[in-house]
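Biologist: Could you walk me through this fold, one question at a time?

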Amino acid sequence: MALQLKVPSIVCDGCAETITKAVKSVDADAQVDVDVSAKTVKVAGAQSEESIKQAITATGHTVE
């Protein structure tokens, strides 16, 4: 399953790294692509959209 999420709170590569680690904590095999300038996160993995959103929001980021 591939999904694209808008995460307006992304401001730097550190944010991207934090989000990537959070997603991989719930789905170790997920392909994660964070675009800092577009403020988007693309995830291709087995977990539900809700699980991915919860992992990202747990890091303090906002998902739209």
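Modeller: Happy to; we will go from the sheet to the core, the salt bridges and the cysteines.

Biologist: Before we start, what kind of model is this?

Modeller: Residues are numbered from 1 along each chain as its sequence is written, and side-chain values use heavy atoms, with hydrogens and water left out. Local features need pLDDT of at least 70, side-chain atom pairs count only at pLDDT 80 or more, and totals for chains, interfaces and linings use all residues, since the model is predicted.

Biologist: Thanks! In what order do the strands of the sheet lie?

Modeller: Strands here are DSSP runs of E with at least two residues, helices are runs of H or I with at least four, and both are numbered from the N terminus. Two strands pair if DSSP finds at least two bridges between them. S2 (residues 31-35) and S3 (residues 40-44) are joined by 5 bridges, and 5 bridges also join S1 to S3. The pairing is antiparallel in this open sheet of 3 strands, and the order is S1-S3-S2.

Biologist: Which strands stand at the edges, and why is one side of each left without a neighbour?

Modeller: Each edge strand has a single partner strand, so one of its sides has no neighbour in the sheet. The strands at the edges are S1 and S2.

Biologist: Which residue in the hairpin of S2 and S3 takes a positive phi?

Modeller: Within the paired strands, Val34 stands opposite Val41 in S3. The hairpin has 4 residues between the strands, and the residue with a positive phi, near 60°, is Lys39.

Biologist: Which element gives the most residues to the largest nonpolar core?

Modeller: Such a core is a set of buried Ala, Val, Leu, Ile, Met, Phe, Trp, Tyr and Cys residues joined through side-chain atoms within 4.5 Å. This one has 15 residues, and Val7, Ile19, Val41 and Ile56 touch the most other members. Strand S1 (2-6), helix H1 (13-26), S3 and helix H2 (49-57) each give two or more residues. The top contributor, with 4 residues, is H1.

Biologist: Which residues is Ile56 in contact with, leaving aside its neighbours within four places in sequence?

Modeller: Contact means heavy atoms within 4.5 Å. With those sequence neighbours set aside, the partners of Ile56 are Leu5, Val7, Ile19, Val23, Val41, His61 and Val63.

Biologist: How many salt bridges does the structure hold?

Modeller: We count a side-chain nitrogen of Lys or Arg within 4 Å of a carboxyl oxygen of Asp or Glu. Glu17 and Lys21 form one, at 3.5 Å from N to O, and Lys53 and Glu49 form another, at 3.1 Å. The number of salt bridges is 2.

Biologist: Is Lys21 buried or exposed?

Modeller: Buried means under 20% relative accessible area, exposed over 50%, and partly exposed in between, with a 1.4 Å probe and protein chains only. Its partner Glu17 is partly exposed at 48%. Lys21 has a relative accessible area of 56%, so Lys21 is exposed.

Biologist: Last one: how many disulfides does a search of the whole structure find?

Modeller: A disulfide is a pair of cysteine sulfur atoms within 2.5 Å. The cysteine sulfur closest to that of Cys12 is in Cys15, at 3.6 Å, too far for a bond. Cys12 is partly exposed at 35%, whereas Cys15 is buried at 10%. The number of disulfides found is 0.
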